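Here is a friendly walk through one protein model. Please keep the sequence and the 3D view at hand while you read.

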Amino acid sequence: MDAFTSNQTEHSALRSHPWTTMENDQSNIYIDFKKNPKRIRDSLEDLQPFKKWPFTDTFYSLIEWINSPISLLESNDCTFNAVEENSDDQYPYAKKCTARLMILFRDIPENCQSRSCDWLMQSILQSVASTKLAFRGGAIGLSQNPTCYLELGDSPDTGGIGQQVVLTFFAYGKNERRCYESMQQVLWHAHSCLKKVNKKIQNGALDALYDEF
């Protein structure tokens, strides 16, 4: 499976955490899934029309795990874009679909440390790239998005400006069914890789970055 990084996402403007409502949809409000895990399967509107496809349950399971007590990460936002014509020349398939998941450290000040955010992105990248080598119908892109962490203040002087890591999922196939099957593979692989990274954090790999200085 391909894995790559980019400098910024299409949503590169400064976001906030927690956010309140979406500019283009005032009814879409932030829900803390750590405190409200039962809301995950009824509040993610992008996934509602695709419940018959197995990838949807795989996506829900990923979001449920990352916001569960055993995870040291959490999610902030996710989107899903249905099958469309594939314009990515490097993938010889007729169709593609995409999804996005924004994640952050549950320890909020860690998200304002560039070394920690870079470590998180690179650790995910290495895990994705080193496994699932035979699967060519999907890819995971990684980037960082500037974020204002409101509990730390709303300006650079108060220390609340940091980053989130954005995972963009790409899935390809010759038709709709194959495309969504590929998306299930991509999401399952992302879940597996994030569990490995979470285990590294639990075992002190992130803390070790700062022990060297």
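The report below starts with the overall fold, moves on to salt bridges, and ends with a few single residues.

This is a predicted model, in which local features need pLDDT of at least 70 and side-chain atom pairs count only at pLDDT 80 or more, while totals for chains, interfaces and linings use all residues. Residues are numbered from 1 along each chain as its sequence is written, and side-chain values use heavy atoms, with hydrogens and water left out.

## Overall fold

The protein contains 5 helices and 8 strands. Both kinds of element are DSSP runs numbered from the N terminus, with helices being H or I of at least four residues and strands being E of at least two. Read from the N terminus, their order is β-β-β-β-α-α-β-β-α-β-β-α-α.

The radius of gyration of the protein is 17 Å, which agrees with the value near 17 Å for a compact globule of 213 residues. That radius is taken over C-alpha atoms, and the globule rule is 2.2 Å times the number of residues to the power 0.38. The C-alpha trace spans about 50 × 40 × 30 Å along its principal axes.

How much of the protein counts as buried? The share is 48% of the 213 residues, where buried means under 20% relative accessible area, exposed means over 50%, and partly exposed lies in between (1.4 Å probe, protein chains only). About 10900 Å² of the protein is exposed, and carbon and sulfur atoms supply 50% of that area. Accessible areas come from the Shrake-Rupley method with a 1.4 Å probe, and for residues only the protein chains shown count as cover.

Contacts (heavy atoms within 4.5 Å) can also be sorted by sequence separation. Of those in the protein with a separation of 6 or more, 69% are between residues 24 or more positions apart.

## Charges and salt bridges

The protein has 22 positive and 27 negative side chains, and the centres of the two sets are 10 Å apart. Lys and Arg count as positive and Asp and Glu as negative, with His and the chain ends not counted. Each charge is placed at NZ of Lys, CZ of Arg, CG of Asp or CD of Glu.

Side chains of opposite charge can pair when their charged atoms come close. A salt bridge here is a side-chain nitrogen of Lys or Arg within 4 Å of a carboxyl oxygen of Asp or Glu. By this rule the protein has 12 salt bridges, including the pairs in the table.

| Pair | Closest N and O atoms |
|---|---|
| D2 and R136 | 3.2 Å |
| E85 and K95 | 2.3 Å |
| R177 and E181 | 2.8 Å |

What does the salt bridge between D2 and R136 tie together? D2 lies in strand β1 (residues 2-5) and R136 in the loop between α3 (114-129) and β7 (138-149), so the pair links parts that are 134 residues apart in sequence. D2 is partly exposed at 24% relative accessible area, and R136 is partly exposed at 45%.

E85 belongs to strand β5 (residues 73-85) and K95 to strand β6 (residues 95-105), so this pair ties together parts that are 10 residues apart in sequence. E85 is exposed, with a relative accessible area of 53%, whereas K95 is partly exposed at 22%.

R177 and E181 sit in helix α4 (residues 176-202), 4 residues apart, a separation of about one helical turn. R177 is partly exposed at 40%, and E181 is partly exposed at 32%. Elsewhere, R15, D77 and R100 are joined into one network by salt bridges that share partners.

## Some residues to look at

G137 is found in the loop between α3 and β7 and is buried, with a relative accessible area of 5%. Beyond its neighbours within four places in sequence, G137 contacts Y93, F170, A171, Y172 and S182. From G137 to K95 the C-alpha distance is 10 Å, with their positions 42 residues apart in sequence.

T79, in strand β5, is buried at 18% relative accessible area. Leaving out residues up to four places away in sequence, T79 touches D46, F59, A99 and R100. T79 and L62 are 17 residues apart in sequence, and their C-alpha atoms are 13 Å apart.

Finally, H17 and P18 are joined by a cis peptide bond, with omega about -5°. P18 lies in the loop between β2 (15-17) and β3 (21-22).
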